[in-house]
Structures are given as C-alpha cells and as structure tokens.
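Trainee: I would like to go through the labels attached to this model and ask what each one rests on.
Mentor: Go ahead; bring up the structure.

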Amino acid sequence: QPFNIGNDRMSRLWQTLLLMKEHPVFEFLPFEKEILLTWKKYDPVLPGTEQKTDATGFIHYILQAIDDAFIDFLENARKLVRPHNRIEHFHTFNLQSFTRKDYMRVFKSISTATATRDLELGVETGLFEKHGSNNQTTYSCQIV
C-alpha cells in the first residue's frame with residue numbers, strides 16, 4: 001500500500017512526478033504546501049487506513065489541494081511583474097539546480113534577456129548561486 005503512514009513523502013513525490021508528466025507546471029506548483037496546511041484532513045481520506053479501500057475521498061482531497069495551490073499560484077503570479085518579486089518567488093521553490101530555461105518555464109511572458117537579468121540580480125542579492133558559464137550555466141537557490 002503506497003499510502004501507509006510513513007510513506008507519505010514518497011507517495012507525494014510519485015504524485016508530483018506523475019502530474020509533471022502531464023504538465024510541467026506541476027514541477028513548480030506547491031500543492032504539497034496545501035496538504036501540509038490541511039494535514040488533519042489528509043490522513044482520514046487515505047485508502048488503506050481503517051480498512052478503507054475506496055479512494056474517492058482521497059481523490060477529492062488531492063484535487064482540492066491542487067485547485068487551492070493553483071489559486072494561490074495565480075494570485076501570486078499577478079504580483080510577479082517586478083524582477084525582485086520574480087526572483088523572490090522563484091527562490092521559494094528552493095531548487096538545488098536549475099537553468100535559465102527552467103526559470104522561463106515559470107515566467108513564460110518574459111524574454112531571454114529579462115530572464116538573464118533576473119538571474120544576475122538573484123546572484124547579486126545572494127538568492128541564487130551561479131555555476132558554470134555560457135550554455136552550461138546552472139543556478140541553485142541559496143539559504144537566506
């Protein structure tokens with residue numbers, strides 16, 4: 001049973017990976033935060049707990065968490081028109097390695113030049129660390 005107590009993180013990782021195969025936005029959509037905020041509602045709906053085999057409650061719960069995360073994401077996206085706001089928001093993903101292309105997947109409306117300037121600003125302010133150069137450049141989020 002993949003949703004037994006103790007396997008929560010692994011099952012959420014698999015959920016995220018499966019959703020990412022459907023659409024790349026799930027890589028950056030923090031729906032796990034919604035699960036953590038509503039933890040008391042999570043355990044009772046897990047299939048396999050207390051002889052429960054029906055996953056309907058769990059599916060409804062996860063879809064609501066994803067919907068809430070999308071709403072939060074879209075509300076924050078409206079605020080992300082200034083470079084500082086964009087880099088601070090991207091920093092919350094706490095990625096160990098990402099590229100300019102990854103950054104642009106989150107901020108689809110910005111140009112390559114704007115993304116480069118944002119990332120340079122992120123490095124200057126200490127939010128990101130730059131690794132490599134030219135087309136081999138990667139970045140990582142720094143602990144602030």
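The exchange below takes the labels one at a time.

Trainee: What is the confidence of this chain?
Mentor: The model is predicted, and the chain averages a pLDDT of 82. A score of at least 70 is reached by 82% of the residues.

Trainee: Which elements have the lowest and the highest mean pLDDT?
Mentor: Helix 3, residues 39–45, has the lowest, at 70. Strand 1, residues 128–131, has the highest, at 97.

Trainee: Why is Asp102 called buried?
Mentor: Its relative accessible area is 12%. Buried means under 20%, so Asp102 is classed as buried. The residue sits in helix 6, residues 100–106.

Trainee: What makes the pair of Asp102 and Thr99 a polar contact?
Mentor: A polar atom of the Asp102 side chain lies 2.9 Å from the backbone nitrogen of Thr99. The cut-off for a pair of N or O atoms is 3.5 Å, and 2.9 Å is within it.

Trainee: Which residues does Asp102 touch beyond its neighbours within four places in sequence?
Mentor: Asp102 is in contact with Phe28 and Phe90.

Trainee: Where does Phe28 stand with respect to the largest pocket?
Mentor: The largest pocket has a volume of about 380 Å³. Of the 19 residues that line it, Phe28 is one of the closest to its centre, along with Phe26, Glu27, Leu29 and Pro30.

Trainee: Which helices supply at least two residues each to that lining?
Mentor: Helix 1 (8–22), helix 2 (31–37) and helix 4 (56–78) do. Helix 1 gives the most, with four residues.

Trainee: How many residues of each class are in the lining of the largest pocket?
Mentor: There are 11 nonpolar, four polar and four charged residues.

Trainee: Why is Asn94 called partly exposed?
Mentor: Its relative accessibility is 42%. Partly exposed lies between the 20% and 50% limits, so that label applies to Asn94. Asn94 is in the loop between helix 5 (83–91) and helix 6. Its phi is positive, about 50°, although Asn94 is not a glycine.

Trainee: Why does Asn134 count as exposed?
Mentor: Its relative accessibility is 72%. Exposed means over 50%, so Asn134 is classed as exposed.

Trainee: Where is Asn134, and what is the sign of its phi?
Mentor: Asn134 is in the loop between strand 1 and strand 2 (138–141). The phi of Asn134 is positive, about 50°, and Asn134 is not a glycine.

Terms used:
Residues are numbered from 1 along each chain as its sequence is written. This is a predicted model: local features need pLDDT of at least 70, side-chain atom pairs count only at pLDDT 80 or more; totals for chains, interfaces and linings use all residues. Side-chain values use heavy atoms; hydrogens and water are left out. pLDDT is the predictor's confidence in each residue, from 0 to 100. On a 1 Å grid over the protein atoms alone, a cavity is a set of points where a 1.4 Å probe fits but cannot get out, and a pocket is an open set with protein on both sides within 12 Å along at least five of seven lines; lining residues have an atom within 4 Å of a point. Grid points are joined across faces, edges and corners, and a volume is the space filled by probe spheres set on the points. Ala, Val, Leu, Ile, Met, Phe, Trp, Tyr, Cys and Pro count as nonpolar, Asp, Glu, Lys and Arg as charged, and the others, Gly among them, as polar. Buried means under 20% relative accessible area, exposed over 50%, partly exposed in between (1.4 Å probe, protein chains only). A polar contact is a pair of N or O atoms within 3.5 Å; within protein, one must be able to donate a hydrogen and the other to accept it, and residues adjacent in sequence count only if both atoms are side-chain atoms. Contact means heavy atoms within 4.5 Å.
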